Amino acid sequence: MSGKLIPPAPALTGRLFTVGLVISWYSSNIGVLLLNKYLLSNYGFKYPIFLTMCHMTACSLFSYIAIAWMKIVPMQDVRSRLQFAKIATLSLVFCGSVVSGNISLRYLPVSFNQAVGATTPFFTAVFAYIMTVRRESWITYVTLIPVVTGVIIASGGEPSFHLFGFIMCVGATAARALKSVLQGILLSSEGEKLNSMNLLLYMAPIAVAFLLPATLFMEENVVGITLALAREDVKIIWYLLFNSSLAYFVNLTNFLVTKHTSALTLQVLGNAKGAVAVVVSILIFRNPVSVTGMLGYTLTVIGVILYSEAKKRNK
């Protein structure tokens, strides 16, 4: 009888593998967010475009190694100039989202940054309606009210509120939603669909091509300043290398967790991830928080959960 209570070895190994993936996903997501905040705000490395370019360079390199050499997924080819132009468009929006998000971290605490980021479903619904004229049920739109209301309340109760940082954070959230909607429109045909790993393989080098002139023009002498910093404190090089590697592992673990868990599990884990990031960031950075701000963030998270439930029931 006792033998029946013990899961078979393959099943147990599979569960442990999934748990390990989820821990890796959480660690890489929260780690890159906190390290971005540390570098751009606490450490004083005030070059978000250059930092994003480092991330995209690492994603280009590691994506090629993972797909061409390690064969984690089969390589999918770009079949036409039109498909390449569509990927380039997605890459440009992706760049705008990541750069804006990194800029916002210079001015806002991670906790408030995550509260604003939780409004992604609101922008997704707006862009989907405008660009595809796809209407959701009325109850789905009603669930977006607490999502937006929560952020308004959190903004009013945020001790470290910064208007420019807030605008950048809203812009990053909107761009993230726009990329999601555009991806569904532009790469919708069977011949053009790419899995997230292959999409990153093509988007990342294009992003570097966009970001290189931008950082050279907008962040004057950034390479020289970084090298000068490295001569004073060699840790900056290790921070940048580790941070850039983490940025790739965020995408890799996200792909693997999506592959090895159910949609419901992924949804629950995704909602919880933001809350974990908020708690960890407050413990590490000791940024002041208010009861009003936390109530606002909680309301937003509840709204996101209700929105996800409403979407699931209307499928």
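Student: Hi! Is Phe-217 buried or exposed?

Tutor: Hi there! Phe-217 counts as exposed, because its relative accessibility is 73%. Bear in mind that this is a predicted model.

Student: Okay, and which helix does Phe-217 lie in?

Tutor: Phe-217 is part of helix α8.

Student: How far apart are the C-alpha atoms of Phe-217 and Ser-28?

Tutor: They are separated by 31 Å, and the two residues are 189 apart along the chain.

Student: Let me try another Phe. Where is Phe-17, and what is the C-alpha separation between Phe-17 and His-260?

Tutor: Phe-17 sits in helix α1, which covers residues 9-43. The C-alpha atoms of Phe-17 and His-260 are separated by 9.2 Å, although their positions lie 243 residues apart in terms of chain separation.

Student: And how does Phe-17 count by accessibility?

Tutor: Phe-17 counts as partly exposed, at 43% relative accessibility. The partly exposed class runs between the 20% and 50% cut-offs, so 43% falls inside that range.

Student: Switching topic: which residues of α9 are buried?

Tutor: In helix α9, residues 222-232, the buried ones are Val-222, Thr-226 and Ala-230. Looking down the axis of α9, you find these buried residues within an arc of 75°, so they line one face of the helix.

Student: Nice. What does the face turned away from the buried side carry?

Tutor: That face of α9 carries the exposed residues Arg-231 and Glu-232.

Student: Then what covers the buried residues of α9?

Tutor: The cover includes α2 (48-69), α8 (196-218) and α10 (235-260).

Student: Let's zoom in on α10. At what angle do the axes of α9 and α10 cross?

Tutor: They cross at roughly 120° and come within 7 Å. That angle makes α9 oblique to α10.

Student: Which residues meet there?

Tutor: From α9 you have Thr-226, Leu-229 and Ala-230, and they meet Ile-236, Ile-237 and Leu-240 of α10. Sorted by class, the contact between α9 and α10 has five nonpolar residues, one polar residue and no charged ones. Thr-226 and Ala-230 also appear among the buried residues of α9.

Student: Speaking of threonines, where is Thr-119 found?

Tutor: Thr-119 is in the loop between α4 (110-117) and α5 (120-132).

Student: Buried or exposed, that Thr-119?

Tutor: Thr-119 counts as buried, because its relative accessibility is 5%, and the cut-off for buried is under 20%.

Student: What does the side chain of Thr-119 reach, and which residues is Thr-119 in contact with beyond its sequence neighbours?

Tutor: The Thr-119 side chain reaches the backbone oxygen of Val-116 at 2.6 Å. Setting aside neighbours within four places in sequence, Thr-119 is in contact with Val-147, Val-151, Thr-173 and Thr-300.

Student: Last topic, backbone angles. What is phi of Lys-71?

Tutor: Phi of Lys-71 is near 55°, a positive value in a residue other than glycine. Most residues other than glycine have a negative phi.

Student: Where does Lys-71 lie, and is Lys-71 buried or exposed?

Tutor: Lys-71 lies in the loop between α2 and α3 (81-107). With a relative accessible area of 60%, Lys-71 is exposed.

Student: And what about phi of Arg-286?

Tutor: Phi of Arg-286 is near 55°, again a positive value in a residue other than glycine. Arg-286 is placed in the loop between α11 (263-285) and α12 (291-313), and its relative accessible area of 67% makes Arg-286 exposed.

Terms used. Residues numbered from 1 in each chain as written. Predicted model: local features only at pLDDT ≥ 70, side-chain atom pairs only at ≥ 80, totals over all residues. Heavy atoms only, no water. Buried < 20%, exposed > 50% of the residue type's maximum accessible area, 1.4 Å probe, protein only. Helix = DSSP H or I, 4+ residues; strand = E, 2+ residues; numbered from the N terminus. Arc of directions from axis to C-beta. Contact = heavy atoms within 4.5 Å. Polar contact = N/O pair within 3.5 Å; in protein donor to acceptor, adjacent residues only side chain to side chain. Axes fitted to C-alpha atoms, helices over the stretch in contact; angles between N-to-C directions. Parallel < 35°, antiparallel > 145°, perpendicular 65-115°, else oblique. Nonpolar A, V, L, I, M, F, W, Y, C, P; charged D, E, K, R; others polar.
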